[in-house]
Amino acid sequence: MSSLLDKARLMMNIHCLGRNLVTASSSLHHVQLPGQKEAHFWYVLPDEIKDTNLLNQYFEILSPSEKENVFRMSGEQLKKRAILARALVRTTLARYQTNCQIDPKALRFKKNSYGKPEVDWQYTEDWSLPQLHFNLSHTSSLIACGVTVGSPIGIDVEEKQRRLKNDVLAFARRYFSPDEIEMLTQIADPELRRLELIKLWTLKEAYVKAVGKGFSNSPFNTFTVRLGHRTKTGIHLRPRVMSKAQEITVEPPDESKNVSGNWQFVLLELDGSHYAAICIEQESTNRGKGSIPVNLKLRKTIPFVEDECILGTEKAVVISGLTTLLECE
Amino acid sequence: MASFTATSISIISLAKPSLVPSARISSPNSVSLSIKGRRFPSITLQPTGRRFQVTCATKQETVQKVCDIVKKQLALPEGSSVTGESKFAALGADSLDTVEIVMGLEEEFGISVEEESAQSITTVQEAADMIDKLLESKTD
């Protein structure tokens, strides 16, 4: 009987939610977990969010310490950015439900021994997705959250127009590896050189954040990221089309594991205005079989309002890295 | 010529002996200077460690210089409040800003910052303390 089913569902929901029957998560569109070799990339554009009621809704799902942190930020723009960043993480993770409605406010976070933020599953009642990994990055104009299952993930976003206060080569000499400095020096045009530096920076950041041991354990000048031979990919990528861009590699490879770690990179250009780098760890069983592309689901979101699946139009161009842009369900 | 501010005295030695001030320490916390026979009001000093007041002035100057470098890097509007307690992140610095700030500090102070130290700096004061420590170890 349908009423029995309804009752069962209601009981399940009550059981899952604990105290709350009606939560903000009811307006969050729920999604499937990422599969193996799959990464989800969610991003929000702060300039699209002007409604103070919506911002208040976001603020309300934050934890007390996150709220305190928002107040510590200097100025309205930074406060807004801090709210959106935490709201993005919470609402994003809350979408990956099994059979419960998850309250984004119920999530607890902790830091690993190196300071990398992760979900504290111990305190999240009735919901156990311990293999869910995430990483956050933000600029003033774009905030992003990457999600994987079973693989560490690191992401970094940067505005293409980001100007360094220092000279590009001086900066590279201070922080990058000798091979990277050499590569940058070869680029004659200063603007192209600056863009290349930004790309390298996002990839290196994404790598260190994926490794999760902090910057002092992976100083930037101890590893080299190579973008490989870049072929210009078409602006219009049909769904499920393999990007023809070459693989991005890092050397020396991460030696913290018995088998040297195998990290995969994707570099995107978003909205024509940002570079986004994603780094995940390739399954050790796949090594030696040639590189398998990373499956990527890209979504632009305004949490509680709307989500948009980005399928490789002008909004997202894969610059480098073996990846397949997937349709979202 | 001796010059002094509210918190410090710096004594510069000059070629002309007659201009070298003679300082008489009348009590542990106050010093009176006489130059060319004119007496200057004695100045009460805050108790400090073994090092004379010069250390305090340097720290204040260091903090000020760090504030200036941070303001420049983050392109903060005029009149923005940046003090020793200011956290870089709260001012809007991301990781790229932070490493550029470190570069700026290295240039300004002629020091070299280790990755480990660079990572542990989160406020202006911490940066200033690290700089002063590095400067001290340079002169030791």
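## Strand 10 and its partners

In this predicted model, Leu268(A) stands opposite Ala276(A), a residue of strand 10 of chain A. The wider pairing is antiparallel: eight bridges join strand 9 (residues 263-270) of chain A to strand 10 of chain A. Follow the hairpin of these two strands to its turn and you will find three residues between the strands, with Asp271(A) taking a positive phi near 55°.

Strand 10 of chain A also pairs with strand 6 (residues 153-159) of chain A, again in the antiparallel sense, over seven bridges. Here Ile153(A) has Ile280(A) as its bridge partner.

## Two faces, both covered

Are the residues of strand 10 of chain A buried or exposed? Eight of the eight residues in this strand (residues 274-281) are buried. Side chains in a regular strand alternate between the two faces of the sheet. His274(A), Ala276(A), Ile278(A) and Ile280(A) point one way from strand 10 of chain A, while Tyr275(A), Ala277(A), Cys279(A) and Glu281(A) point the other way. Both sets are buried, so Glu281(A) is covered along with Ile280(A).

## A buried loop residue

Now have a look at Thr139(A), which sits in the loop between strand 4 (132-138) and strand 5 (143-149) of chain A. Its relative accessible area is 4%, so Thr139(A) counts as buried.

Which residues does Thr139(A) contact, leaving aside its neighbours within four places in sequence? They are Arg81(A), Val157(A), Glu158(A), Glu159(A) and His274(A). One of these, His274(A), belongs to strand 10 of chain A and is itself buried.

Technical notes:
Residues are numbered from 1 along each chain as its sequence is written. Chains are lettered from A and ligands numbered from 1 in the order in which they are written. This is a predicted model: local features need pLDDT of at least 70, side-chain atom pairs count only at pLDDT 80 or more; totals for chains, interfaces and linings use all residues. Side-chain values use heavy atoms; hydrogens and water are left out. Helices (H or I, at least four residues) and strands (E, at least two) are DSSP runs, numbered from the N terminus. Buried means under 20% relative accessible area, exposed over 50%, partly exposed in between (1.4 Å probe, protein chains only). Contact means heavy atoms within 4.5 Å. Two strands pair if DSSP finds at least two bridges between them.
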